[in-house]
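Open the model in your viewer and keep the selection panel handy. We will make two stops, picking residues as we go.

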Amino acid sequence: VAKGSGNGYFRYAENLDEEADEQARIGAELRVALDAGQFRMVYQPIVELPHGRIRGVEALVRWEHPTRGFVPPDQFIPAAERNGLIVELGDWILRTACEQAVAWHTELGEHAPYKMSVNVSARQLAQPGFSRVVSATLAQTGLAADRLTLEVTETAVFGGSHAVQALNELNELGVSIALDDFGTGHSSLGLLQTVPVDILKVDKSFVDNITMAGRHAVIATALIQVSTGLGLTAIAEGVETAEQAAELHRLGYRLAQGYHFGKPSATPDFGVTPIGAVGQ
Ligand code: C2E
Ligand code: CA
Ligand code: CA
Ligand code: CA
């Protein structure tokens with residue numbers, strides 16, 4: 001690995017020339033990785049409070065590099081976004097997640113998680129014809145539209161007219177739309193009036209200190225009120241302790257996700273035994 005600052009595998013370049021070289025290298029490596037089948041999906045449970053029954057899963061991508069080991073998505077999704085490879089990688093992610101959802105349904109019946117949630121990047125959403133890709137993928141894999149949720153960020157929704165048009169078309173298809181990292185972007189509340197959102201994923205930063213009196217608890221309370229008032233579903237992200245889960249439930253949250261309930265895994269446990277049960 002060449003010199004440079006930063007702690008990631010793709011460290012930050014020190015000047016523009018180096019930056020360009022670095023981008024080219026990452027682009028080439030991601031291309032190889034995609035062709036060589038080095039990407040894997042893991043799935044994290046989304047559970048019902050307070051008992052922890054699994055209602056859905058979120059699909060999260062992993063890069064298993066043959067020599068460097070596991071590269072986390074924060075270190076390659078932004079690069080794939082910049083060089084456009086995210087469109088092809090995103091298609092693979094969507095298809096793989098839909099196939100997995102159908103496979104679990106076939107295998108486990110009603111014990112399979114109902115919803116499959118897939119992250120969509122800004123560039124994917126802005127791609128003309130994105131909703132056609134989604135409807136073709138649903139048709140090819142046999143996943144019912146109402147079992148799919150697409151997670152988009154507020155920033156992605158502001159990515160141009162194609163993005164809003166795509167969300168309207170996806171809504172027409174019967175796919176659910178979740179606003180990811182809700183509360184951390186811009187104009188969050190205004191967006192809710194103009195785009196067909198079904199789910200608010202309340203960012204981990206609001207959950208972190210929720211058991212202490214203060215700003216975080218106030219914001220988490222306001223967000224569940226907005227969500228309930230607008231008839232939306234709220235999901236609290238990054239729940240790490242039983243105390244946080246109990247407090248979220250007390251505030252009115254019905255769905256949560258986080259290490260307390262289950263880490264992302266290639267083979268999540270959908271056993272009927274409640275995991276991380278709260279308040280027993
Ligand atoms: P995100 O969509 O907000 O995903 C949630 C992240 O929080 C995941 O990190 C997950 O492993 C982590 N997480 C879940 N529960 C906890 C918890 O209790 N504590 C802590 N500390 N972390 C928790 P991950 O998998 O490393 O993904 C990071 C980001 O990379 C994602 O944030 C998303 O923006 C992006 N990403 C991941 N997979 C995909 C994908 O398939 N497509 C796209 N476009 N982006 C992806
Ligand atoms: Ca997400
Ligand atoms: Ca909808
Ligand atoms: Ca999130």
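The lining of the largest cavity in this predicted model divides into seven nonpolar residues, no polar ones and two charged ones. To see them, select Val57, Ala101, Trp104, Pro113, Tyr114, Lys115, Met116, Leu143 and Arg147, which together line the cavity. Color the selection by residue class, and you can pick out Lys115 and Arg147 as the charged pair. Next, show the cartoon for helix H3 (86-108) and strand S4 (115-119): these are the elements that give two or more residues to the lining. If you have a cavity tool running, expect about 30 Å³ of space here. The count of cavities of 30 Å³ or more comes to one.

Now move along the chain to helix H11, residues 242-251. Which residues of H11 are buried? Select Gln244, Ala245, Glu247, Leu248 and Leu251 to see them. They sit on the same side of H11 because they cover an arc of only 165 degrees around the axis. A view down the helix axis is a good way to look at this. Residues three or four places apart point the same way, because an α-helix has 3.6 residues a turn.

Turn to the other side of H11 and select Glu243 and Arg250, which are exposed. Then go back to the buried residues and add their surroundings: helix H9 (204-207), helix H10 (215-229) and strand S8 (233-236) are among what covers them.

For a last click, select Gly252, just after H11, and check its backbone: phi is positive there, at about 115 degrees.

Methods. Residues are numbered from 1 along each chain as its sequence is written. Chains are lettered from A and ligands numbered from 1 in the order in which they are written. This is a predicted model: local features need pLDDT of at least 70, side-chain atom pairs count only at pLDDT 80 or more; totals for chains, interfaces and linings use all residues. Side-chain values use heavy atoms; hydrogens and water are left out. Buried means under 20% relative accessible area, exposed over 50%, partly exposed in between (1.4 Å probe, protein chains only). Helices (H or I, at least four residues) and strands (E, at least two) are DSSP runs, numbered from the N terminus. The arc is that of the directions from the helix axis to the C-beta atoms. Contact means heavy atoms within 4.5 Å. On a 1 Å grid over the protein atoms alone, a cavity is a set of points where a 1.4 Å probe fits but cannot get out, and a pocket is an open set with protein on both sides within 12 Å along at least five of seven lines; lining residues have an atom within 4 Å of a point. Grid points are joined across faces, edges and corners, and a volume is the space filled by probe spheres set on the points.
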